[in-house]
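Q: Please take a close look at the salt bridges in this model, pair by pair. For each pair, I would like to know how close the charged atoms come, how far the two partners are open to solvent, and what the pair links.

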Amino acid sequence: MSAIQVGPLREPWESRLLVPGDKSISHRALMLAAMSDGPCRLSDLSQGKDAESTLRCLKLMGVSARRDRADLLLSGWGNRWQEPDRVLDCGNSGTSMRLLTGILAGCPGLCVLSGDASLRKRPMGRVLEPLLEMGARVRGRQGNRLAPLVVEGTELQGIYHQLKVASAQVKSCILLAGLKAGGTTVLEEPQQSRDHTERMLSHLGVRITRDENRLHLSPAERIPAFDCRVPGDVSSAAFLVTAALISPGSRVIIDEVGLNPTRTAYLDLLRQMGARITTRVTRTELGEPVGSIEALGSELVGINVPESEIPGAIDELPILAVAASQAKGTTLVRGASELRVKESDRIHSTVTELRKLGAEVDELEDGFAVHGPTPLKGAAVECHHDHRLEMSLAVAGLVARGKTRIQGTGWAAISFPSFWQSFPGPWQEL
Ligand code: S3P
């Protein structure tokens, strides 16, 4: 098992950098390119293992992909869709499994989807239930709750469905299935989750409209070929933004990053905590605003995170806990029980590991309370097989006295393979 030792940041950090392509947008760009008339040129895709999982699965269905420097040229499968002759291995990626299941429900042939030990524990009933309502032939282990999943493509019907949880993966699964269904698909979300699928479909000419929290999708005969340059991942940027904020005198600028408002709640919450953050939109791509973020070392204060902000900051809650440990007063996160079914139980893993560093954190059923500011002290901590935990602990190590030994590393490569190269503090592999 590998480990990385992180030391405290001794001087203010100044940097201007880029982060790799957005994971959520990369999955969707790959899948829609595969479904398109093709070929498509996709630039700056995430190089993370999760996006690789999606590509690996698509190749088993007849998609051909060729690298051309930083670009990927992808053929649409058009008439070449083929029934995969192996299990589709989604690795650690919930997005690959849930979105591909939606696509496959309407494709001819039989597919089996599986993944690593963490993915095989994550809830899949939330996608199988609505797909079954659409007429899909899908099965999962333990009464349709868990992967491996078996999908036998068939004709689907549009449905009206109220999502029980605000989940972009569930929403996107149904929308992608709805593209091939007979009739309109109407979805109602309890709260708005990230809307990349809607933006991309609309950009590609699919009829999809939103009124308040209700989406209406018309089936699409074809998806036209497209080219795109994937914006940088704002969720990866969050680690570097936080590193600058909690290190007095530091300043970081991150360019060419996605600034979709359904993904930037974290930046808004930090601003409410007193963070000096500015964003500037410079262009749009696939209907997504793209621009830069500047963050300066700041004095933070604790806040009550409104539950309405949780879906927009869901992936940033572990790193928010790190920022909160350096903020004056209590930061309260509630209504975030979805964190329990992420790559790790992120409520438990975040609380357990930050406590080892001396943070004062209470574990709540549906969130956590962090009491700050606390001077952290280096200790041995664990990643819980979770990329966002590895990166959050690394950032905590920047302000901890002494050495922080992060054990079971290697997970950052899921979403941010160059994380350690961008990391401002001293670190070494053990
Ligand atoms: C994602 C949606 C979120 C997020 C995940 C990526 C997506 O999950 O946590 O990292 O690309 O749609 P949920 O939609 O299940 O909350």
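A: In this predicted model, the side chains of Arg-199 and Asp-195 join in a salt bridge (Lys or Arg side-chain nitrogen within 4 Å of a carboxyl oxygen of Asp or Glu), with an N to O distance of 2.9 Å. The two partners fall into separate classes of accessibility: Arg-199, at 22% relative accessibility, counts as partly exposed, whereas Asp-195, at 10%, counts as buried (under 20% relative accessible area, with exposed over 50% and partly exposed in between, for a 1.4 Å probe and protein chains only).

A second pair joins Arg-210 to Glu-189, and here the closest N and O atoms are 2.8 Å apart. Arg-210 belongs to strand β12 (residues 208-211), while Glu-189 sits in the loop between β11 (185-188) and α7 (196-203), so this salt bridge ties together parts that are 21 residues apart in sequence; helices (H or I, at least four residues) and strands (E, at least two) are DSSP runs numbered from the N terminus. With a relative accessible area of 3%, Glu-189 is buried, and its partner Arg-210, at 31% relative accessibility, counts as partly exposed.

A third pair is formed by the side chains of Lys-164 and Glu-129, whose salt bridge has an N to O distance of 3.0 Å. Because Lys-164 lies in the loop between β10 (160-162) and α6 and Glu-129 lies in helix α4 (residues 125-133), the pair ties together parts that are 35 residues apart in sequence. In this pair neither partner is classed as buried: Lys-164 counts as exposed at 70% relative accessibility, and Glu-129 counts as partly exposed at 44%.

These pairs are set within a structure that holds 33 salt bridges. Beyond single pairs there is also a network of salt bridges, in which Arg-122, Arg-194, Arg-346 and Arg-388 are linked with Asp-315, Asp-386 and Glu-343.

For a contrast with these charged pairs, one may turn to helix α9. In α9, which covers residues 265-272, the buried residues are Ala-265, Tyr-266, Leu-267, Leu-269 and Leu-270. Those buried residues pack (heavy atoms within 4.5 Å) against two other helices, α8 (234-245) and α10 (317-325), and also against the strands β16 (276-285), β17 (288-296) and β18 (304-305). Just after α9, the backbone at Gly-274 takes a positive phi of about 100°.

Two remarks on how the values were obtained may help when reading them. Local features need pLDDT of at least 70 and side-chain atom pairs count only at pLDDT 80 or more, whereas totals for chains, interfaces and linings use all residues. Side-chain values use heavy atoms, with hydrogens and water left out, and residues are numbered from 1 along each chain as its sequence is written.

Taken together, the pairs can be set side by side by the accessibility of their basic partners, with Lys-164 at 70%, Arg-210 at 31% and Arg-199 at 22%, and by that of their acidic partners, with Glu-129 at 44%, Asp-195 at 10% and Glu-189 at 3%.
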